[in-house]
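Colleague: I should be grateful for a close look at a single part of this model, followed outward to whatever surrounds that part. Please explain each step for someone new to reading structures.

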Amino acid sequence: MCSINYPMDACQSLKEKYDTCFNFWFAEKFLKGDHNDSMCSQLLESYKECVQKVMKEHNINVKEIESNDFEIEKTSKS
Amino acid sequence: MVKFYETKTTFDYTWDQVAQGFWQRYPNPESTHVLSEDTVYRQIKEGKLYSKRLLTKTNKLPKWGEKFISTKIVKILEESVVDPKNKVLITYTKNLGFQSIMSVSEKVVYKISEENPNKTMAIRTATIDSQVFGFAKAIQAFGLERFKKNCNKAVNGFNFVLHSMFPHQHKHTDSITYANTVTFRSNKEKLKDAAKKATNLAKSKTHFAKVENI
C-alpha cells in the first residue's frame, strides 16, 4: 500500500465550491425537511470525480470507501 | 483482546447547530494534525443522509511504535448518518490500513440532551484492538491513552467551531476558547502554512509503508 500525502490539494477548489453549497443546503433545506438534494449534486459529482482520480493515482483502495456498506448499520443498536 | 472506552459530552448548542458544525469541524486550532478531509460518498436514503468522508491525519508515534508502522500519515474513514426527523447524528470512524497492528474505531451518537433540549449530548464509544503477538497489550494501552487525550482535543476543537458559527448564544465557555478565537483568526494563514510544512516534511519522510512481520 502506498501512503498518501496531501494529494487532495488538486481538488481543493472543487471541494470548497461543493462544501459551501452543501453547508447551505444542509442547514437551510435538509434540516428543515426538504430532502431534494439536486441543488449541489452537479458540484458533488465533479468533486467526487476529482477525488477518485487522485485516490487511484495514489493507489488508495477505494472499494471500502465507495461501497454502500455502512459499518454504522452493523454496529448501531442504540 | 479489545479495549473499550465510553465517554459522554454535552455541547452547549442545539442539535441542529451541532449537526451543522459537524461538517465544518476542520480546520480548528486543535486539528493541526488533520491534513485533508474529503467527501467520497453521499446519499439520502429513507429521509436520512448517509455520508462517507476520507480524512488523512499525521500520526505521531513513540519510537517503539515506529517499529511497527513507518508511515507518518494515516487514513481515516468517517461514516455518518443524519436523521433530521428524530434528530440523531451517528458517526463511525476507523483507521484504514494497519488494522492488525492497531485498529481504533469510534462511534459517536449525537442527540438532544435529555436534561435540556437546547443542548446536545454526545456518547462516544471507542474500540481499540491489536493483534501483534506479544505487543498487543502495550499497543492497546498506548492507543487507549492517546484516544482519551484526543477525545478532549476533538471536543475542544468542535466547541471552537461551534462558537465561531453561533457566537450569539455563547454563554459560558472558558476564557481559553475566547483567547484562541482571536489568535486563531489572525493566525489562520500561519496555520495553513504550518499544515503545508508538515505535509512537505511528511512527503519527504514518507515512503512505502513497511510493516514488519513478527
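Colleague: Where in chain B does Glu46(B) lie?

Modeller: Please bear in mind that this is a predicted model. Glu46(B) lies in the loop that runs between strand E2 and strand E3 (48–58) of chain B. Its phi is positive, about 50°, although Glu46(B) is not a glycine. With a relative accessible area of 79%, which is over the 50% cut-off, Glu46(B) counts as exposed.

From this loop we may step back into strand E2, which comprises residues 34–45 of chain B and includes Glu37(B). Is Glu37(B) buried or exposed? Its relative accessible area is 10%, so Glu37(B) counts as buried, the limit being under 20%. Beyond its neighbours within four places in sequence, Glu37(B) contacts residues of both chains: Lys15(A) and Tyr47(A) from chain A, and Trp23(B), Tyr26(B), Arg53(B), Leu54(B) and Leu55(B) from chain B. One of these partners, Arg53(B), is joined to Glu37(B) by a polar contact of 2.9 Å between the side chains. Another, Tyr26(B), is linked to Pro27(B) by a cis peptide bond with omega at about -5°. Pro27(B) itself belongs to the loop between helix H1 (15–22) and E2 of chain B.

Side chains of opposite charge can pair when their charged atoms come close. In this model there are 12 salt bridges over all chains. One of them is formed by the side chains of Lys15(A) and Glu37(B), at 3.6 Å from N to O. This pair crosses between chains, with Lys15(A) in helix H1 of chain A and Glu37(B) in strand E2 of chain B. Lys15(A) is buried too, with a relative accessible area of 10%.

A further salt bridge, between Arg25(B) and Glu78(B), has its closest N and O atoms 3.4 Å apart. It links distant parts of the chain, since Arg25(B) is in the loop between H1 and E2 of chain B and Glu78(B) is in strand E4 of chain B, 53 residues away. Arg25(B) counts as buried at 12% relative accessibility, and Glu78(B) counts as buried at 1%. Salt bridges with shared partners connect Lys15(A), Asp19(A), Arg25(B), Glu37(B), Arg53(B) and Glu78(B) in one network.

Two residues of that network, Lys15(A) and Asp19(A), are among the buried residues of helix H1 of chain A. This helix has 17 residues, 12–28, and its end C-alpha atoms are 24 Å apart, which agrees with the 24 Å expected at 1.5 Å a residue. The cover over its buried residues includes helix H2 (41–57) of chain A, together with H1, E2, E3 and E4 of chain B.

Disulfides also tie H1 of chain A to its surroundings. The bond between Cys21(A) and Cys40(A) has its sulfur atoms 2.1 Å apart. Its S-S torsion is about -90°, so this disulfide is left-handed. Cys21(A) is in helix H1, whereas Cys40(A) is in the loop between H1 and H2 of chain A, 19 residues apart in sequence. The other disulfide joins Cys11(A) and Cys50(A), again with sulfur atoms 2.1 Å apart. That pair connects the segment before H1 with helix H2 of chain A, across 39 residues. Counted along the chain, the bonded cysteines of chain A follow the pattern 1-4, 2-3.

Finally, consider the nonpolar residues. In soluble globular proteins, nonpolar side chains tend to be buried together. The largest nonpolar core here has 38 residues, and those touching the most other members are Phe26(A), Ile65(A), Phe11(B), Leu49(B), Val82(B) and Tyr110(B). Elements giving two or more residues to this core include H1 and H2 of chain A and, from chain B, E3 and E4. H2 of chain A gives the most, with 6 residues. A second, separate core of 10 residues includes Met102(B), Ala126(B), Val132(B) and Phe147(B).

To return to the starting point, Glu46(B) is an exposed residue, in the loop that follows E2, while Glu37(B), within E2, is buried and takes part in a salt bridge between the chains.

Methods
Residues are numbered from 1 along each chain as its sequence is written. Chains are lettered from A and ligands numbered from 1 in the order in which they are written. This is a predicted model: local features need pLDDT of at least 70, side-chain atom pairs count only at pLDDT 80 or more; totals for chains, interfaces and linings use all residues. Side-chain values use heavy atoms; hydrogens and water are left out. Helices (H or I, at least four residues) and strands (E, at least two) are DSSP runs, numbered from the N terminus. Buried means under 20% relative accessible area, exposed over 50%, partly exposed in between (1.4 Å probe, protein chains only). Contact means heavy atoms within 4.5 Å. A polar contact is a pair of N or O atoms within 3.5 Å; within protein, one must be able to donate a hydrogen and the other to accept it, and residues adjacent in sequence count only if both atoms are side-chain atoms. The expected span of a helix is 1.5 Å times one less than its number of residues. A nonpolar core is a set of buried Ala, Val, Leu, Ile, Met, Phe, Trp, Tyr and Cys residues joined through side-chain atoms within 4.5 Å. A disulfide is a pair of cysteine sulfur atoms within 2.5 Å. A salt bridge is a side-chain nitrogen of Lys or Arg within 4 Å of a carboxyl oxygen of Asp or Glu.
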